[in-house]
Amino acid sequence: MYFKNFSILSVICLASFLFVSCSDEYEVPDGVTKLTNDCIKRSLGPNVVGGQIEFAYAMALPREKGRLVSARVQASISGAEGTYMEHRSYHTDDVGTDVGVEIGSPSETNGGVTEVHFTVDTCASTLRYYYIIPEEARGREVSFTFSAESSNGQAVNYKMGPYKISNMDMKLDIELKNNTYFSIEDMRTYTPAEAAQHPEKIDFMYLFRQMRGVKFLHAFVSPTADKDYLPGVTVPESFTNSTKMMRVYASADQQLARNEFGVFVDDVDLQQIDVSNSPIFVINMVETGGIWAETADGRYKAYIYINSAPETRAGMTVSMKRLKVR
């Protein structure tokens with residue numbers, strides 16, 4: 001698990017990434033006489049297939065030298081559907097709200113190239129670029145070259161990366177209903193009828209029980225666990241997986257929780273976690289907690305975060321990261 005912090009890069013002649021029209025009172029710092037650019041990566045954490053990498057690309061030139069004509073990004077691996085560059089330039093107002101001003105036509109993406117053409121007379125702009133990570137990039141590195149052109153014929157570029165793309169998979173907001181089965185490999189729930197058709201895929205059951213004398217409540221229980229941990233359930237003999245699970249209290253992952261900052265589970269964490277001495281069940285799980293788990297065949301390891309778990313009724317929402325380790 002790693003922690004990541006960054007500060008906004010100092011941007012020469014870019015007006016602190018603010019959108020500025022050439023008709024505004026915009027003063028370019030002394031000594032700057034040509035088109036200039038800079039870029040920051042806004043997204044944090046592991047780069048997971050299906051997720052996005054976000055950048056802010058800023059460009060400006062002295063107003064007497066001309067105007068911006070176009071901005072483009074060349075990705076070394078073409079992004080998946082949904083990759084685009086904003087045609088609005090953003091700045092933050094006095095209360096911290098992002099304000100967008102339209103500066104061009106919607107971006108066009110052809111292969112690895114995404115481009116915006118300016119339709120307003122402006123000499124400074126910051127455009128956001130969203131790269132949707134394709135399956136093709138899994139386990140590889142991807143780089144980006146940002147570039148801009150101005151009406152006076154000047155051109156600049158800025159290289160970002162390379163960025164490692166994770167081998168793990170991530171799935172958000174999986175809803176669990178009482179007495180349902182779960183597959184770590186498939187990252188989904190199965191009804192009892194569905195599970196009976198694929199017993200080899202079932203790693204644990206989700207149960208909710210209010211029991212006298214013991215705080216059982218929300219629980220994950222392997223189908224091979226002692227019947228005391230499967231109250232009211234008759235598990236068919238074809239369900240033979242014993243899944244090791246280690247409970248985590250007050251766990252956090254920004255990508256899964258979406259309200260925690262700077263803490264991430266990555267490939268290395270999933271590779272190195274050892275649950276070999278853990279039980280094959282966890283009971284009384286609570287919101288913002290989670291578990292580390294390993295499938296019975298040792299092929300997959302997972303981190304499951306509990307987004308919601310009401311104290312008095314069945315039903316749970318979880319998000320997870322899962323890695324094929326062999």
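The following paragraphs describe a five-stranded sheet, the largest pocket and a set of salt bridges in a predicted model. Because the model is predicted, local features were accepted at pLDDT of at least 70 and side-chain atom pairs only at pLDDT 80 or more, whereas totals for chains, interfaces and linings use all residues. Residues are numbered from 1 along each chain as its sequence is written, and side-chain values rest on heavy atoms, with hydrogens and water left out.

Five strands form an open, antiparallel sheet in the order S9-S10-S5-S12-S13; strands (E, at least two residues) and helices (H or I, at least four residues) are DSSP runs numbered from the N terminus, and two strands are taken to pair if DSSP finds at least two bridges between them. Strand S9 (108-110) and strand S13 (155-164) stand at the edges with a single partner strand each, so one side of each is left without a neighbour in the sheet. From one strand to the next the twist averages 15 degrees, with axes fitted as lines to C-alpha atoms and angles running from 0 to 180 degrees between N-to-C directions.

Within this sheet, S9 is joined to strand S10 (residues 113-117) by three antiparallel bridges, and Thr 109 has Thr 114 in S10 as its bridge partner. S10 also pairs with S5, in the antiparallel sense and over five bridges, with Glu 115 in S10 serving as the bridge partner of Arg 72. Strand S5 (residues 68-75) is in turn paired with S12 over seven antiparallel bridges, where Ala 71 stands opposite Ala 148 in S12.

The structure holds 13 salt bridges, a salt bridge being a side-chain nitrogen of Lys or Arg within 4 Å of a carboxyl oxygen of Asp or Glu. Asp 169 forms one with Arg 138, the closest N and O atoms being 2.8 Å apart; Asp 169 lies in strand S14 and Arg 138 in the loop between strand S11 (122-132) and strand S12 (141-150), so the pair ties together parts that are 31 residues apart in sequence. At 17% relative accessibility Asp 169 counts as buried, whereas Arg 138, at 21%, counts as partly exposed (buried means under 20% relative accessible area, exposed over 50% and partly exposed in between, for a 1.4 Å probe and protein chains only).

Asp 169 also forms a salt bridge with Arg 322, with 2.5 Å between the closest N and O atoms, and this pair links strand S14 to strand S24 (residues 316-324) across 153 residues. Both Asp 169 and Arg 322 are buried. Glu 135, Arg 138, Asp 169 and Arg 322 are linked in a network of salt bridges. A further salt bridge joins the side chains of Asp 253 and Lys 321 (2.9 Å, N to O); Asp 253 lies in the loop between strand S19 (244-248) and H2 and Lys 321 in strand S24, so parts 68 residues apart in sequence are tied together. Both Asp 253 and Lys 321 are buried.

The largest pocket has a volume of about 400 Å³, the volume being the space filled by probe spheres set on grid points that are joined across faces, edges and corners. On a 1 Å grid over the protein atoms alone, a pocket is an open set of points where a 1.4 Å probe fits, with protein on both sides within 12 Å along at least five of seven lines, and lining residues have an atom within 4 Å of a point. The lining comprises 19 residues, of which Ser 43, Leu 44, Gln 52, Gln 254 and Gln 255 lie nearest the centre of the pocket. Strand S4 (52-60), strand S14 (169-176) and helix H2 (254-257) are the elements that give two or more residues to this lining. Its residues divide into eight nonpolar, eight polar and three charged, where Ala, Val, Leu, Ile, Met, Phe, Trp, Tyr, Cys and Pro count as nonpolar, Asp, Glu, Lys and Arg as charged, and the others, Gly among them, as polar.
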